[in-house]
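Reader: I am new to this structure and should like to see how its descriptions are justified. Please show it to me, and then let us go through the terms.

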Amino acid sequence: MKYSSTRDFSREYTAAETIAAGLAPDGGLFLPRELPKLSSEELRALAPLPYPRRAAKVMKLFLDEFSAAELEQFCDEAYDESRFPGGTAPVVKRGDGLFLELWHGPTCAFKDMALQMLPRLLTASLRKIGQQEDALILTATSGDTGKAALEGFCGVENTKIMVFYPEDGVSRIQQLQMTTQRGSNVMVQAVRGNFDDAQTGVKQILADCTINESILEKKHRFSSANSINWGRLLPQIAYYVSAYLDCVGMSEINFGDELNFCVPTGNFGNILAAYLAKCIGVPIGRLICASNANNVLTDFIRTGRYDRNRPFHTTVSPSMDILISSNLERLLCLLSGDTVKVSAFMEQLSNDGYYNVGERRLEQISELFWADFCDDIETFGTIRNTWNVSNYLLDTHTAVAEAVKRKYLTATSDTRKTVVVSTASPFKFCSSVLEALGEHPQGDGVELIDRLAELTGVTPPPQLVALGNAKERFVGACDKNEMARKALDFLENK
Ligand SMILES: *Cc1c(COP(=O)(O)O)cnc(C)c1O
């Protein structure tokens, strides 16, 4: 299977080259030239398999240079029960709702589903393409990617990882998870600015020829652990396939019935993975895109105009505080197959901050997707209500999706079942969750974990409780124009 950039189909890459590079040289994102198909029989045959084997089969469809045995080994390791003690991507039914719980991994957010796999795919890819240099992974995080990437890459041979996070854009628990990270190949840097500043900074460094040459002299090449890397998106397709089969297994749907997913969305990675699952043949109905007050995607899906010229809101669902949703570029390319248009949209976005896809594309988008958003007050109300009615504790991001799912059901007469994608443990966002439940928490540190546990009787993840005794290694913030310097310092062990 060959891959190309969303901005130029004339050059083709192998899967290993695609994963090793992260971002295409022209600044575009990689996509398979043709999407594989999973027949109805093949889909049904995955049903008896445990999660790791389902995932290996799905990934194999896209990675013909990787052997089935190799992928099975990666998945068995990455998705082992010891790493996901609460279950690897289980679908649970609470009250009248179905939830796909993706946060039982090492860092308690769904990013683990991809970032436990990416290091394995990346080191294998580097070997396959015969790259001599080590990988220097630069990642911008809105909170959850950073820790999941650090955890995934910590101690991995021939790689170094550096994470940039917005100084005031993450919860204290998220920050502690990162600043206490162990390992000699890791670095964490706070940036004065918001997530978009950090992400734009990383993209600029990755695309800068001078910096690339200078790290090459030091025997390194850049790679990315952000969801712009195909090796991060691909593992996410698997859990939509798996969730579909689980809903059949739970007799929530009959095999062949369509199932909707409602996804709390930021960078458009998770929901794009759901769209790709639909493209390869899983009977998926509507994809419901849930945003917080940073509702640039709601407007886009409703009007066809993407406009980032708007105030940036810091919300209680910080991992979705994003105004530039990188993976939308992939959707536009998949829908139009027109790299010239995609390039023009991205150029206009970078120059003017907006673009408009036009009527025809909008029609296509609104058949596939539906979008709405909710503010912090509605998020709190949803956490409180779901706890009171169903005794189920939602984190702030999942609560946004639950609120938007309810809006969808009210606004449409859709009778298909809808699964809410649950992306983080509520204990990652204790302060907000406690506030939603009517408390007035002081501070937002680890002490609140005990309080939330006490109040609800829900057991907190032990790895979060342990943060109380961990020492912070990485302190101090830099300006966004210092990010490149900091990355070079890290490489030189300064
Ligand atoms: C990253 C994240 C999201 C947003 O996912 P995207 O793939 O960026 O759309 C939602 N919820 C949580 C908890 C996250 O960490």
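Reader: Why is Cys75 called buried?

Author: Cys75 has a relative accessible area of 0%. Buried means under 20%, exposed over 50% and partly exposed in between, with a 1.4 Å probe and protein chains only, so Cys75 is buried. This is a predicted model, in which local features need pLDDT of at least 70, side-chain atom pairs count only at pLDDT 80 or more, and totals for chains, interfaces and linings use all residues. Residues are numbered from 1 along each chain as its sequence is written, and side-chain values use heavy atoms, with hydrogens and water left out.

Reader: Is Cys374 buried or exposed?

Author: Cys374 has a relative accessible area of 1% and is therefore buried.

Reader: Why does Cys374 form no disulfide?

Author: A disulfide is a pair of cysteine sulfur atoms within 2.5 Å. The closest cysteine sulfur to that of Cys374 belongs to Cys262, 9.9 Å away, which is too far for a bond. By this rule the count is zero disulfides.

Reader: What makes the approach of Lys111 to the ligand a polar contact?

Author: A polar contact is a pair of N or O atoms within 3.5 Å; within protein, one must be able to donate a hydrogen and the other to accept it, and residues adjacent in sequence count only if both atoms are side-chain atoms. A polar side-chain atom of Lys111 lies 2.6 Å from an oxygen atom of the ligand, which is therefore within the limit. For Asp144, a polar side-chain atom lies 2.5 Å from a ligand oxygen, and for Gly266 a backbone N or O atom lies 2.8 Å from one.
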